[in-house]
Amino acid sequence: MATLKQAFFHLHGRSCTGTPSAISCSMQPSPNTIKVVINGATKEIGKAAILAVTRARGMEVAGAVDTNSVGQDAGLLCGMEEPLEIPVLNDLTMISGSISQTKATGVVVDFTEPASVYDNVKQAAAFGLRSVVHVPEIELETVTALSVFCEKASMGCLVAPTLSIGSVLLQQAAIQASFHYNSVEIVESRPNPKELPSAEAIQIANNLTDLGQMYNREDIATENPARGQVLGEDGVRVHTMVLPGIRSSTTVHFSRLGEVYSVRHDTTSVESLMPGLILAIRKVLRLQVFLAELSLWTGEVLVAA
């Protein structure tokens with residue numbers, strides 16, 4: 001009786017092994033699949049990113065980096081029913097080198113700390129991997145240093161103050177409205193007192209300041225603390241409520257005689273940042289420069305250095 005030999009072949013994009021009576025197939029990633037490394041993987045936003053990348057078309061999680069939960073399966077840490085078979089490691093260099101050896105396209109998403117961002121981007125770039133950085137408290141000096149490094153290395157890097165599409169749309173709407181109103185106030189609510197005023201409020205105020213308008217002329221110089229904090233020199237004020245359990249919310253109120261126009265953005269979970277993250281990962285692969293603002297409009301990623 002002839003012996004059936006084991007065969008290896010491809011079937012509809014799958015690699016298969018076995019005999020004619022017993023075939024085992026497994027999905028093989030496309031050669032164009034983006035290999036994504038999540039640095040800061042055990043943070044809440046890192047776990048959400050692992051889930052989002054796993055579900056996204058054309059990309060996969062290739063590494064999880066953190067100083068916590070080292071050795072544990074990244075998928076199980078995120079609550080997946082099945083393990084990803086990707087352990088959390090405390091070695092970005094090793095993971096980046098592994099991706100580089102396969103000649104794959106790779107992106108490192110950095111959710112770490114301000115002090116480590118510069119070195120992380122350099123390590124990733126040394127292996128040909130681009131970086132998407134979302135570290136809200138990053139210092140301006142670090143951003144400047146990254147810009148210089150990326151220019152010399154001709155390596156794309158995107159530092160995103162926000163990954164929220166809703167936040168960017170709010171900023172776009174505020175800019176458009178500012179040309180039609182001469183009074184404006186920003187009112188925000190946060191569940192904890194960290195980073196106040198918030199990065200979102202500061203960004204909105206900076207955007208309006210850059211337009212050269214002047215707001216709230218009637219009380220621009222008031223010292224009454226109940227009137228909130230003036231950001232910049234154009235009279236834009238911000239008021240912040242801090243109440244445990246309240247949702248994060250930002251509202252920009254514009255007014256003129258007989259009319260008030262308000263634009264509001266609420267977030268209830270970190271998952272709201274994931275569509276913006278996926279867009280940022282796709283965008284950074286087309287960059288050869290450093291960019292420090294992620295703007296999204298009508299489904300496209302538009303950036304300004």
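In this predicted model, Cys157 is buried, with a relative accessible area of 1%. The sulfur of Cys157 lies 4.4 Å from the closest cysteine sulfur, which belongs to Cys150, and this is too far for a bond, given that a disulfide requires sulfur atoms within 2.5 Å. By that rule the count of disulfides is zero. Cys150 is accordingly in no disulfide, the nearest cysteine sulfur being that of Cys157, and Cys150 is itself buried, with a relative accessible area of 0%.

The strands around β8 can be described next. From strand β8 (residues 130–133), Arg130 and Val132 point one way while Ser131 and Val133 point the other way, and all are buried. Strand β8 is joined to strand β7 and to strand β9 as the table sets out.

| Strands joined | Bridges | Direction | Bridge partners |
|---|---|---|---|
| β7 (residues 105–110) and β8 | four | parallel | Val107 and Arg130 |
| β8 and β9 (residues 157–159) | three | parallel | Val133 and Val159 |
| β10 (residues 183–190) and β13 (residues 248–256) | seven | antiparallel | Glu185 and His253 |

Between β8 and β9 the chain passes through helix α5 (residues 140–153), and this β-α-β crossover is right-handed. The passage from β7 to β8, which goes through helix α4 (residues 114–126), is likewise a right-handed β-α-β crossover.

Elsewhere in the chain, Asn39 is found in strand β4 (residues 34–39). Asn39 counts as buried because its relative accessibility is 5%, and the cut-off for that class is under 20%. Leaving aside neighbours within four places in sequence, Asn39 is in contact with Val65, Leu92, Val108, Val109, Asp110, Phe111, Thr112 and Asn120.

A further sheet, which is open, has five strands in the order β11-β12-β10-β13-β14, and its pairing is mixed. The edge strands are β11 (229–231) and β14 (259–267), each of which pairs on one side only. From one strand to the next, the twist of this sheet averages 25°. Within it, strands β10 and β13 run antiparallel and are joined by seven bridges, and Glu185 has His253 of β13 as its bridge partner.

Two helices pack on this sheet. Helix α6 (residues 165–178) touches β13 and β14, and the direction of α6 makes about 165° with that of β14. Helix α7 (residues 199–209) touches β10, β11, β12 (236–242), β13 and β14, and the direction of α7 makes about 165° with that of β10.

The buried residues of α7 are Glu200, Ala201, Ile204, Ala205, Asn207 and Leu208. Because these residues cover an arc of only 160° around the axis, they lie on the same side of α7. An α-helix has 3.6 residues a turn, so residues three or four places apart point the same way. The cover over the buried residues of α7 includes helix α6 together with strands β10, β11, β12, β13 and β14.

How values were computed:
Residues are numbered from 1 along each chain as its sequence is written. This is a predicted model: local features need pLDDT of at least 70, side-chain atom pairs count only at pLDDT 80 or more; totals for chains, interfaces and linings use all residues. Side-chain values use heavy atoms; hydrogens and water are left out. Buried means under 20% relative accessible area, exposed over 50%, partly exposed in between (1.4 Å probe, protein chains only). Contact means heavy atoms within 4.5 Å. Two strands pair if DSSP finds at least two bridges between them. Axes are lines fitted to C-alpha atoms, for helices over the stretch in contact, and angles run from 0 to 180 degrees between N-to-C directions. A crossover is right-handed if, with the strands pointing away from the viewer, the path from the first strand over the helix to the second runs clockwise. The arc is that of the directions from the helix axis to the C-beta atoms.
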